[in-house]
Structure formats: C-alpha cells, structure tokens
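Dear colleague,

Please find the structure below, handed over for your records. My findings follow after it.

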Amino acid sequence: MFNSTLTEGDAFFCPVDGAIMITASHLPYNRNGLKFFTNAGGLGKPDIKDILERAADIYKQFMVEGLTNLEKQTSTSIKRVDYMSVYTSDLVKAVRRAAGDIEKPLEGFHIVVDAGNGAGGFFAAKVLEPLGAKTSGSQFLEPDGMFPNHIPNPEDKTAMKAIIQAVLDNKADLGIIFDTDVDRSAAVDSTGHELNRNRLIALMSAIVLEEHPGTTIVTDSVTSDGLTTFIEKKLGGKHHRFKRGYKNVIDEAIRLNSIGEESHLAIETSGHGALKENHWLDDGAYLMVKLLNKLASARAAGRGGGSKVLTDLVDGLEEPGFAVELRLKIDQNHSDLKGGSFRDYGEAVLKHLENRVDSDPKLQKAPVNYEGVRVSGSGGWFLLRLSLHDPVLPLNIEAPSREDAVKLGLAVAAATKEFPALDTSALDKFVQAF
C-alpha cells in the first residue's frame, strides 16, 4: 500500500495519492482496523483523528439523496489492478541486484515460508521461486482470518515451533515466518536456531553496519544489554534504545537523521524493522530480502555455507541465561485510584520505584532511558514501564540465572506492595516459586 504511493506507472494508476488497508494484524478476526498511507509514510494518531473529524463534518452536510448519488459515482470509478505483481517484482530485482544481476541467485537454496494463514503466502511463489529457490515444505500460505494452524506472530512460541519443525523436516537452508500483515518477520537457520527478537536485531545491525559503518541503530526499550555490547563493541555502531511502539522507534530514527545523527535502521524486538533505504516502512518482506541479499551475494562470491552466512554475523552476541516478561495490571475500579486515571497511578508506581532504586546501592539506574524505569543489578537488568494502551505495567527481567532474576523481581515487589490497585500476583508467583 505504501509503495503504491511511490511507484511511477500509469497502467497501475500510480503513484496514488493515498492507500488504505484493512487488517487486524495477529489479533482475532473481530479486531480489524484501517491503516492509512501517503507518500510520507503511515499516518499516526493525530492524522487519524483529523481524518475522522473531517469525515464526520462532511457527513453531517450530506442529505440521504446526496449520499446515494455519491455512492453511484464512486462505484463507476473503481478500477481493480494487480499491484501486488509490481511490489513483488521490486523485491525480486533487489536480490538480483545484490548478487550482481544474476537471474536466479538463490538456485540451490531450499527456503520454507510459514505465513500462518496471513497475507505473506505470496513470498514463496512470487519472490523466492523466481529467484531460483526451492520452497517445498512451505506451509499455511492460504489466507484464513480464523488462523486454524497457529497465530501468525514471530513472537509466538507455537508459531516459531512450527517454522522450526518445517525447516528440520524438510532439511531446508532457511525458514522465514511472517506476521499476518507482513510488517513483522523472523527467520530460522538450517539447524533450527531462531533468528528473531535480539538475534534478528543483531543480524540486521550487522548487515546495515557493513553498508553504513558507525551508523546508529534505534531499538525499543526492552532490548538486552548484550545487544548493546554487540552493536557498539563488536560492530562499531551506536545503540540508541528508545520507547516501545514501532512508530516511536521509526520516528526517533527519522528525528536523529534530521539533527545530523545518521541512522539507517529502526527495529523493535517484536520484529518490526524499518530501513532508511526503504523510506522507513516497517516491511517484514523487505527485511527478509536483506537476509536473502546476504545469501545471494555470498553464493555469487563463491562463499557457500547456506544460512551459516547469517548465523556467523551474530556470532559473539551475549544472550541472557534467563528472561521473563510479567504483566502487572492496574484495577481501574479500585478505591486507591481515587477517581484518577490508570496512567497517573502507573506513573506514581514508577516514581516510587525510582526513589527506592536511588537508595539501594546494589541497583543502578540506566544513565539514559526514555521509557519507564530501567535498572541494572545482580548481573542483569529489569525494566518496568507503563503500557502504551492498556492499564498494565509490563515488567521485563533478564539475568544470568533465574536466581539472579528473582533478586531483581524482589526489588520490584518491595516497591510495588504499597500500591493496592496494582495486581502483582504474576510477580509474587515468580519470586515465590524459586
């Protein structure tokens, strides 16, 4: 949809002035929404609010007869075009270009795709096969909004298990998995090793920093300390950890470029990744094309090794021995809120935690932090933040061991017990189970 606002082509009525897609992403079928695009990118909340207010004003001025006539005029001006073929051919051309204009640079590779019955099934037949790849064993390519096999979500354990199994069963070189509307993706190497979350960020950082040495990589707030070390010490880049929310991450990368700090990659732990070279669009298919480029260029240069070309790029990434995310819900009906908003209550919890941390010599607040309270201690770290949309305080903990993680959890538990409207049962269960 976004690319249709950039493409030059009268046959496809492009470039279009705007594009709209209907999607619930990986949410249930009854949670659909609209995504709006212009050639400046996806519209944000202020833009959507403006559109709704304008639409409401226009609607008020119409009589029933006027609306009926408008519907008739619109129906006669609708033209159906196969824009998908334009989009996929651009992806194919990008891989061919990376391999020195070889027609089938992926010939000899076996790559399986798991679309989870979302919109990503096209990638097997329309992108991989024209490039010469074998795609047998690909699964759940037909769209079905009831998601009969698994939720199409690269963060979902069942989904990742399904693509790992497909890779191993088919002895494939690589596995690719998309979320429902293909704005997120992840991969699996030939041994079944996941290339998602911090590993995907590390992999994309390695690729981008080869092309743009020293550039800044913008991520969301829950990435690991090991990733920072990898980006800055091994790759020679700069890690700018920002807020959660893919739009926040992308907008921050755009802002950094506007003030003279070069950034070429903005990527969330969830698999939302956007590149400057691709107009800052969080396109999961384009992200996977960057991985295919590495495979294709290595093959063209006489360096085989299949997916080892990719896994070698993340060699040296320190991964936590233990990681957990716990969700602490705020009861909006509790008297302790005193009629106030859950957001104010959540901010009060965070402020109290921050004060407790300041007085504890075993804990160290992150010197630069843009969201919630991020603290190091016991060889690991925790982040307590307020959800972007819901009355929830998510708590992320990473540590060398579960025992170390529990120590950090106890520090949070001690600070939050004074807030009776906060449901800490998940945290209590975690620290007591050890």
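With which side chain does the side chain of N153 make a polar contact? The partner is the side chain of R184, at 3.0 Å. Please bear in mind that the model is a predicted one.

N153 itself sits in the loop that lies between α4 (122-128) and α5 (157-169). The relative accessible area of N153 is 10%, which is under the 20% cut-off, and N153 is therefore classed as buried. Apart from neighbours within four places in sequence, the residues in contact with N153 are H26, A159, F178, D179 and R184. R184 thus appears both in this set of contacts and as the polar partner of the N153 side chain.

I also examined the pairing of strand β12. Strand β12 (residues 322-330) pairs with strand β16 (residues 392-399) over 8 bridges, in the antiparallel sense. Within that pairing, L328 has L393 of β16 as its bridge partner. Strand β12 is also joined to strand β17 (residues 422-423) by 2 bridges, and these two strands run antiparallel as well. Here I330 is bridged to L422 of β17.

Finally, a note on one of the pockets. The second largest pocket has a volume of about 360 Å³. It is lined by 15 residues, of which M1, F12, V16, K79 and V81 are the closest to its centre. By class, the lining of this pocket comprises 10 nonpolar, 3 polar and 2 charged residues.

With kind regards

Definitions and conventions. Residues numbered from 1 in each chain as written. Predicted model: local features only at pLDDT ≥ 70, side-chain atom pairs only at ≥ 80, totals over all residues. Heavy atoms only, no water. 1 Å grid on protein atoms, 1.4 Å probe; cavity = no way out; pocket = protein on both sides within 12 Å on 5 of 7 lines; lining within 4 Å. Points joined across faces, edges and corners; volume = space filled by probe spheres on them. Nonpolar A, V, L, I, M, F, W, Y, C, P; charged D, E, K, R; others polar. Pairing = 2+ DSSP bridges. Helix = DSSP H or I, 4+ residues; strand = E, 2+ residues; numbered from the N terminus. Buried < 20%, exposed > 50% of the residue type's maximum accessible area, 1.4 Å probe, protein only. Polar contact = N/O pair within 3.5 Å; in protein donor to acceptor, adjacent residues only side chain to side chain. Contact = heavy atoms within 4.5 Å.
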